[in-house]
Structure formats: structure tokens, C-alpha cells
Amino acid sequence: MASETPVVASPAAASPRRRRRRVGERLSARRYAATAVATFVVLIAVWWAATAFGLVDPLFLPGPDAVVAKLIAQAQNGQLWSDIAVSVYRIFVGFLLATVMALPLGVLMGANAHAEAALEPLIDFVRYMPVVAFVPLTILWVGTDDAQKFLIIWIGTFFQQVLLIADAVRQVPVSFVQLGETLGMGRAGILMRIVFPSALPRIWDAMRICLGWAWTWLVVAELVAATSGMGYRIMTAQRFFATDTIIGYVLVLGLLGLVFDQVMRAAGRRMFRHQRAAS
């Protein structure tokens, strides 16, 4: 009786299967960019179709061509660049003040249980107060000049940053601290040479998230009490039913926020690439 030899199909003869993507697996940079661009293209196409076929009154939603034409006109007369410069300046100063004050306080709360117990409930209490409710108070306190915009940005981002920074410090592995103690380092040395550098990538991500909130609170402040800036121009356009200007400036705000976010994201990848790779 002849022995039967099992036939093993070669890899080439087997039908190719598409590899299943694992949960949480990241796309390549090229595929990520292509998908993101496709999303924007689809949204713009839907917007154009809704206006081109008369599905929406142009008074409420002008077409992309009308919005782009208005932005070009605003850029040519210099108004757009002036408004952008004023708003970016306010964002930079207000957010920088909030970050400089939140950083040491957040690190202290994350590293010291007594500071956490003393400050976290208070900061939690304040951060749940709506920032919009502070706008009339800030006008009474400091007037309607740039200081009021800085204060609104500070209120909207400082308390959030403190808690996020403290949480980033708490996520540093205990083994890192124990290593410093084994080497005979003091508490200050462990905090500054081990804990803070280890938490810095997460702290940077917290700052990037809070920067997005800063744009929201800036526009809120400029909508209520301002004579310049992106929010002020939106409010002025609303009085004259200039919907193309409103949508154009909203799109510019979104673009500015996206640019700032991507710059911080790229800077974080470059600064902390060794730490992220190790983790």
C-alpha cells in the first residue's frame, strides 16, 4: 500500500489575503494625509453641491466660491492680516501667562500629596465655572482692552492646564523615583532630574490641547468686547448679514488652530522622540 504524502500548498499558490489591521494600529504618514485630505474634499464638495443646486439660501450659507472671494478681498485690503495678527498676539500672551503659572503649580500638585489635597478641590471647583460668565466681570475689572482678553484666556486655560500637568506628573512610573532614591538623590533632584523630564511629553500634549481651548475663549472675548481681532470682525459682519465674511473668518480660525496644533505636535515628536520610542 503506497504511503500517502500530504500535499502542502505553497505560499505562492495560496490565495492572497488582505492583512487585517490590528486595533490601535496607526496609518502610515502618506495614508493618513491622503485620508485627511479626502475628508476635507468630500465636505467641500457637499457644501458646493448644497449651494450650487439651491438647496440652501445663500443668505444663510453662501457657496465656497463666494467665501473665498470675500477672504481674498479682505486679504487684499489688509483687514484679514490685521485681524489675524491681533488675535495671534492675544493668544500668545494670554496662553503664555497661563502656562508659565500652571507649570510649577501642576508639577507641585502631581509630586506632593499635601499640595494636591490643598489645591485640587479648589481648582476643580473653579474650572467648572463657565468662562463666559466671567466676561462681564473681567470688563468691570480691567476694561475692554487687551488685558481683558488675556484674562479670559488665562481663566479658560490655567485651571485646566494645572490639572492636566499634575496628572502627567502622577503617571511617571514609581520605579523611576525608586531608582533616584537608590542613587542617593534628594527629593528636589528626583523631581527636577527624573520626574519632570519623564512627564514632559505628556505635559507638552496637555499644553497642545489647552491651546485649542485658548482659541475658543479668545473669540468669545472678542465677540463681546473688542474693536479688533477675528471675533470682532465676525460680530461686525453679523450686524450686516455678511454671512460670507462670518464663514470665511470661522474657516480661517479653524485653519489657524490646525496649524498651531500641527506645529506643536511636530515639535513634540522631534523633542521627545527618544522618550516616545523607549515607551
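1. Let me start with Leu-258, which is partly exposed in this predicted model. Its relative accessible area is 41%, and its place is in helix H10. Patch members need over 30% relative accessible area, and Leu-258 is indeed one of the residues in a nonpolar patch on the surface.

2. The rest of that patch is worth a look in your viewer. Alongside Leu-258, the nonpolar patch takes in Phe-40, Ile-44, Leu-255, Val-259 and Val-263, and together the residues have about 560 Å² of accessible area. Helix H1 (29–52) and helix H10 (243–271) are the elements that give two or more residues to it. H10 supplies the largest share, with 4 residues.

3. Helix H10 also carries a charged pair. The side chains of Asp-261 and Arg-265 meet in a salt bridge, at 3.5 Å from N to O. Both residues lie in H10, 4 residues apart, or about one turn of the helix. As for cover, Asp-261 is buried, with a relative accessible area of 18%, whereas Arg-265 counts as partly exposed at 30%. With the cut-off for buried at under 20%, you may like to keep the 18% of Asp-261 in mind when reading that label.

4. Now to the salt bridges in general: how many does the structure hold? The count is 8. One of them joins the side chains of Asp-83 and Arg-233, with an N to O distance of 2.8 Å. Asp-83 belongs to helix H3 (residues 79–111) and Arg-233 to helix H9 (residues 230–239), so this pair ties together parts that are 150 residues apart in sequence.

5. Are the two partners of that bridge buried or exposed? Asp-83 counts as buried, at 2% relative accessibility. Arg-233 is buried as well, with a relative accessible area of 16%.

6. Helix H3 takes part in another such link, through Arg-90. The side chains of Asp-146 and Arg-90 meet in a salt bridge, again with 2.8 Å from N to O. Asp-146 lies in helix H6 (residues 146–170) and Arg-90 in H3, so the pair ties together parts that are 56 residues apart in sequence. Here the partners fall into separate classes: Asp-146 is partly exposed, with a relative accessible area of 25%, while Arg-90 is buried, at 4%.

7. A last point, on Asp-261 and Arg-265 and then on shared partners. The H10 pair sits about one turn of the helix apart. Elsewhere, salt bridges that share partners join Arg-90, Asp-146 and Glu-222 into one network.

Methods
Residues numbered from 1 in each chain as written. Predicted model: local features only at pLDDT ≥ 70, side-chain atom pairs only at ≥ 80, totals over all residues. Heavy atoms only, no water. Patch = residues over 30% accessible without salt bridge, like charges linked within 9 Å, V, L, I, M, F, W, Y side chains within 5 Å. Areas by Shrake-Rupley, 256 points an atom, 1.4 Å probe, with all protein chains shown as cover. Salt bridge = Lys/Arg side-chain N within 4 Å of Asp/Glu carboxyl O. Buried < 20%, exposed > 50% of the residue type's maximum accessible area, 1.4 Å probe, protein only.
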